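Me: I would like a close look at one part of this model, the charged side chains that pair with one another. Please set that part in the context of the whole chain.

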Amino acid sequence: MGLEYNDYYDGQTVLRAAIARPLREKAPVVLIAHQWAGRGAMEHAVAERIAELGYIGVAIDLFGKDVVGSPEGDNTHLIEPWLKDRAGLAQRVLAAVKFARSLSGADADKLAAVGYCFGGMAVLDLARLGGEDVRGVVSLHGLLGGDAKLDGCEVKTRISVHHGWDDPLASPEQVLAFTQEMTRRKADWQLHAYGHVGHAFTNPKANKPERGLLYNSSADRRSWQGIVGFLHEVFE
């Protein structure tokens with residue numbers, strides 16, 4: 001199927017997206033927001049799987065063109081600025097939304113976003129900010145805590161969260177707070193929690209059980225089935 005690469009902008013910052021297209025002239029668009037190491041092979045593979053479902057898969061860039069970290073190292077320095085500027089992070093995703101809607105063959109009225117880990121937080125913040133008519137977002141082992149600057153408005157974007165119950169980065173207390181926030185903000189939300197599953201459960205290379213990071217094939221398979229069903233629902 002292959003990927004095409006296009007540059008786009010958030011203000012003066014140059015970003016680069018990897019795009020996989022289905023075998024149809026016009027299709028809904030699904031953004032894929034990357035983990036803390038930046039856009040890479042995992043996100044590209046997801047974009048291609050999305051294209052196989054009949055949608056345009058767009059692996060977006062949250063850090064800047066050619067800015068990537070180490071897949072197996074500590075990438076705190078890349079995400080820390082965004083943890084302190086959640087509104088800015090949501091605006092960066094909005095730049096990707098604007099870009100995706102401009103793509104040839106895109107059904108601009110049908111757009112959703114899927115995010116992993118750090119990217120999961122990013123797509124949830126997109127929904128918190130208002131969503132720009134994005135139909136739905138999916139967070140997989142994402143960070144769930146809110147931010148005061150993104151609070152207040154009613155959340156109109158449909159939300160699906162896939163969470164490992166033993167994830168050290170999203171405690172049961174944080175999960176409860178998230179569900180309370182979404183209920184208060186009248187969101188259409190759903191939560192799928194997987195028992196005995198930690199962080200990064202969709203990443204086959206995750207193998208640091210002492211830190212709570214471990215691939216889980218069952219949760220990976222079940223969460224993908226959840227993504228497929230959710231996208232069918234929001235695009236119908």
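Reply: The model is predicted. A good place to start is Asp-125, which has a relative accessibility of 0% and therefore counts as buried, the limit being under 20%.

Asp-125 has a salt bridge to Arg-86, with 2.5 Å from N to O between the two side chains. This pair ties together distant parts of the chain: Arg-86 belongs to helix H3 (residues 86-101) and Asp-125 to helix H4 (residues 118-129), with the two positions 39 residues apart. Arg-86 is also buried, because its relative accessible area is 7%.

Asp-125 has a further salt bridge, to Arg-128, and here the closest N and O atoms are 2.9 Å apart. This link is local: Arg-128 and Asp-125 are 3 residues apart in helix H4, so about one helical turn separates them. Arg-128 has a relative accessibility of 0% and so counts as buried.

Another pair to look at is Glu-181 with Arg-185, whose side chains meet in a salt bridge at 3.0 Å, N to O. Glu-181 is buried, with a relative accessible area of 10%, and Arg-185 is buried as well, at 3%. Through shared partners, salt bridges join Arg-86, Asp-125, Arg-128, Asp-151, Glu-181, Arg-184 and Arg-185 into one network. The pairs described above thus belong to a single connected set. Side chains of opposite charge can pair when their charged atoms come close. For the model as a whole, the count of salt bridges is 11.

The charge totals give some context. The protein chain carries 26 positive and 30 negative side chains. The centres of these two sets lie 2 Å apart.

The surroundings of the network can be described by the overall fold. The protein chain has 6 helices and 10 strands. Its radius of gyration is 16 Å, which agrees with the value near 18 Å that a compact globule of 236 residues would have. The C-alpha trace spans about 45 × 35 × 35 Å along its principal axes. Of the 236 residues, 52% are buried. Contacts between residues at least 6 apart in sequence are made up as follows: 70% of them join residues at least 24 apart. The exposed area of the protein chain is about 10700 Å², and carbon and sulfur atoms supply 49% of it.

Two buried loop residues can be set beside the charged ones. His-141 sits in the loop between strand S6 (136-140) and strand S7 (158-164). His-141 is buried, with a relative accessible area of 0%. Apart from neighbours within four places in sequence, the residues in contact with His-141 include Gln-35, Tyr-116, Cys-117, His-162 and Asp-167. The list also includes His-199, Ala-200, Phe-201 and Thr-202.

Ile-60 is in the loop between strand S4 (56-59) and helix H2 (76-83). Ile-60 has a relative accessibility of 1% and so counts as buried. Beyond its neighbours within four places in sequence, Ile-60 is in contact with residues including Tyr-8, Arg-16, Leu-31, Ile-32, Ala-33, His-34 and Arg-39. Val-93 and Ala-96 are also among the contacts of Ile-60. Gln-35, a contact of His-141, is 25 residues from Ile-60 in sequence, and the C-alpha atoms of Gln-35 and Ile-60 are 11 Å apart in space.

Two charged residues in loops give a contrast in exposure. Asp-133 lies in the loop between H4 and S6, and its phi is near 65°, a positive value in a residue other than glycine. Asp-133 is exposed, with a relative accessible area of 67%, whereas Asp-125 is buried at 0%. Lys-186 lies in the loop between helix H5 (172-184) and strand S8 (189-194). Lys-186 is not a glycine, yet its phi is positive, at about 60°. Lys-186 is exposed, with a relative accessible area of 60%, while Arg-185 is buried at 3%.

Technical notes: Residues are numbered from 1 along each chain as its sequence is written. This is a predicted model: local features need pLDDT of at least 70, side-chain atom pairs count only at pLDDT 80 or more; totals for chains, interfaces and linings use all residues. Side-chain values use heavy atoms; hydrogens and water are left out. Helices (H or I, at least four residues) and strands (E, at least two) are DSSP runs, numbered from the N terminus. Buried means under 20% relative accessible area, exposed over 50%, partly exposed in between (1.4 Å probe, protein chains only). Contact means heavy atoms within 4.5 Å. A salt bridge is a side-chain nitrogen of Lys or Arg within 4 Å of a carboxyl oxygen of Asp or Glu. The radius of gyration is taken over C-alpha atoms; the globule rule is 2.2 Å times the number of residues to the power 0.38. Accessible areas come from the Shrake-Rupley method with a 1.4 Å probe; for residues, only the protein chains shown count as cover. Lys and Arg count as positive and Asp and Glu as negative; His and the chain ends are not counted. The place of a charge is taken as NZ of Lys, CZ of Arg, CG of Asp or CD of Glu.
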